[in-house]
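These are my notebook entries from a session spent looking things up in one structure. I wrote each entry as I went, beginning with a question wherever I had one.

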Amino acid sequence: EKVILNGKITLKTDIKVDFEDRGYQFGDGIYEVIRVYNGQLFTSKEHLNRLMASAKSISLAIPFTAGEIEGHLQQLIQENQLENGMIYMQFTRGVSPRNHAFPAPAIDSVYVAYTKPILHSSENATAGVKTILTEDIRWLRCDIKSLNLLGNILAKQKAADAGCFEALQHRDGIVTEGSSSNVSIVINGKVKTHPATNLILNGISRQVMLGLCKDNGIPFSEQTYTTEELLQADEVFLSSTTAEILPVIEIDGKAVGNGTPGPFTRKLQKLFQDEVAKQCGS
Ligand code: PMP
């Protein structure tokens, strides 16, 4: 199995984490996850633009263009003969003796990427998933895809402890997002999702979903909503690169709607699959 280290294809067994890597010591870095369908990257431009934006917002210099990185990823897909799965990639601020301030003069970032097959298991997509509500205790730059995921991890573990798939986070009663997904509701035939502010990660799947609403005459708005609206919504669904569109059927033990995936969620799942087929072949 091959991986990318600093832009070069190498063997997975050749990579070692340095204990003074700032990603390891501080979570000082950023990452992306890109889906691969039929050997093709899905929405790679959007993901790589977001990677560049994340890097810029933490003043991390990436010594490659988005186009060059896309080339590395395509090469990795080829090497590993990946048909369906994902690519995980991260950049850290590099290896330097532990000190909070950035190394000066600047040092090389450490860039790693690997592939992982995803065997299509549509159980969650078909049946829907159970969730819990939890307070959003994260920092105020959730728009950056940072390696610092402690708030997300603690939220996800709370869900796992409750036998649930995801934790829906709220800040002062306003629903923000899941621990590793965006969350949207449907009320009276209208899709509502938190606007792309500093309080959420502007998910690429979220953007694809909103584009599908627009192109197919499904009313939508990027607008905040409360936990009360969430609990009274006709439908609730998650979106993410790995989960695509996932119906939420339960929140804190209470059924969403009639407790089964609703028609808008089903429609968006279908449109999402069609979009994947359109862009990556089927
Ligand atoms: N919010 C958070 C906190 C996430 O971690 C993710 C995905 N990993 C998302 C939203 C969804 O983003 P995307 O659709 O780009 O995968």
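**Entry 1: the ligand**

How far does a polar side-chain atom of arginine 50 lie from an oxygen atom of the ligand? Keeping in mind that this is a predicted model, I looked up the pair and found a distance of 2.9 Å between the polar side-chain atom of arginine 50 and the ligand oxygen. I then turned to lysine 145, where an N or O atom of the side chain is 3.1 Å from a nitrogen atom of the ligand. For isoleucine 204 I had to look at the backbone instead, since a polar backbone atom of this residue is 2.8 Å from an oxygen atom of the ligand. I also noted the surface of the ligand, which exposes 390 Å² when taken alone, and of which the protein buries 92%.

Next I listed the surroundings: 18 residues surround the ligand, and the closest are Arg50, Glu177, Ile204, Ser205 and Thr241. When I sorted the shell by residue type, I got two nonpolar, 12 polar and four charged residues. Which elements each supply at least two residues of this shell? I wrote down helix 2 (44–57), strand 9 (174–178), helix 6 (204–215) and strand 13 (235–240).

**Entry 2: strand 13**

Since strand 13 supplies residues of the ligand shell, I followed it further. Is strand 13 mostly covered or mostly open? It is mostly covered, with six of its six residues buried. I recalled that in a regular strand the side chains alternate between the two faces of the sheet. Checking each side of strand 13 in turn, I found Glu235, Phe237 and Ser239 buried on one side, and Val236, Leu238 and Ser240 buried on the other.

Then I looked for the partners of strand 13. Strand 10 (residues 182–187) is joined to strand 13 by five bridges, and the two run antiparallel; as an example I noted that valine 186 has glutamate 235 as its bridge partner. Strand 14 (residues 244–251) is also joined to strand 13 by five bridges in the antiparallel sense, and here serine 239 stands opposite isoleucine 245. I traced the chain between strand 13 and strand 14 and found a hairpin that joins them through three residues.

**Entry 3: a sheet and a core**

In what order do the strands of the six-stranded open sheet lie? I read the order as 2-1-6-5-3-4, with antiparallel pairing. Strand 2 (8–11) and strand 4 (40–41) stand at the edges with a single partner strand each, so one side of each has no neighbour in the sheet.

I went through some of the pairs in this order. Strand 1 (residues 2–5) and strand 2 are joined by four bridges and run antiparallel, with valine 3 opposite threonine 10. These two strands form a hairpin with two residues between them, and asparagine 6 in the turn has a positive phi of about 50°. Strand 1 also pairs with strand 6 in the antiparallel sense over two bridges, and there leucine 5 stands opposite valine 112. Strand 5 and strand 6 are joined by eight bridges, and I noted methionine 86 with its bridge partner lysine 116.

I then looked for the largest nonpolar core, which has 22 residues, and those with the most contacts inside it are Ile69, Leu73, Met89 and Phe91. Strand 3 (29–37), helix 2, helix 3 (66–79), strand 5 (85–92) and strand 6 (110–117) each supply at least two residues of this core, and the largest share, four residues, comes from helix 3. I set this beside a general tendency: in soluble globular proteins, nonpolar side chains tend to be buried together.

**Entry 4: two single residues**

Is glutamate 166 buried or exposed? Its relative accessible area is 0%, and because buried means under 20%, glutamate 166 counts as buried. This residue lies in strand 8 (residues 166–171). I looked for what its side chain meets, and found a polar contact of 2.5 Å with the side chain of serine 179, and the backbone nitrogen of serine 180 at 3.0 Å.

My last lookup was cysteine 280, which lies in helix 8 (residues 263–280). At 7% relative accessibility, cysteine 280 is also counted as buried. I compared its position with that of methionine 209, which is 71 residues away along the chain, and found their C-alpha atoms separated by 17 Å.

Note on methods:
Residues are numbered from 1 along each chain as its sequence is written. This is a predicted model: local features need pLDDT of at least 70, side-chain atom pairs count only at pLDDT 80 or more; totals for chains, interfaces and linings use all residues. Side-chain values use heavy atoms; hydrogens and water are left out. A residue is near a molecule or strand if one of its heavy atoms lies within 4 Å of it. A polar contact is a pair of N or O atoms within 3.5 Å; within protein, one must be able to donate a hydrogen and the other to accept it, and residues adjacent in sequence count only if both atoms are side-chain atoms. Accessible areas come from the Shrake-Rupley method with a 1.4 Å probe; for residues, only the protein chains shown count as cover. Ala, Val, Leu, Ile, Met, Phe, Trp, Tyr, Cys and Pro count as nonpolar, Asp, Glu, Lys and Arg as charged, and the others, Gly among them, as polar. Buried means under 20% relative accessible area, exposed over 50%, partly exposed in between (1.4 Å probe, protein chains only). Two strands pair if DSSP finds at least two bridges between them. A nonpolar core is a set of buried Ala, Val, Leu, Ile, Met, Phe, Trp, Tyr and Cys residues joined through side-chain atoms within 4.5 Å.
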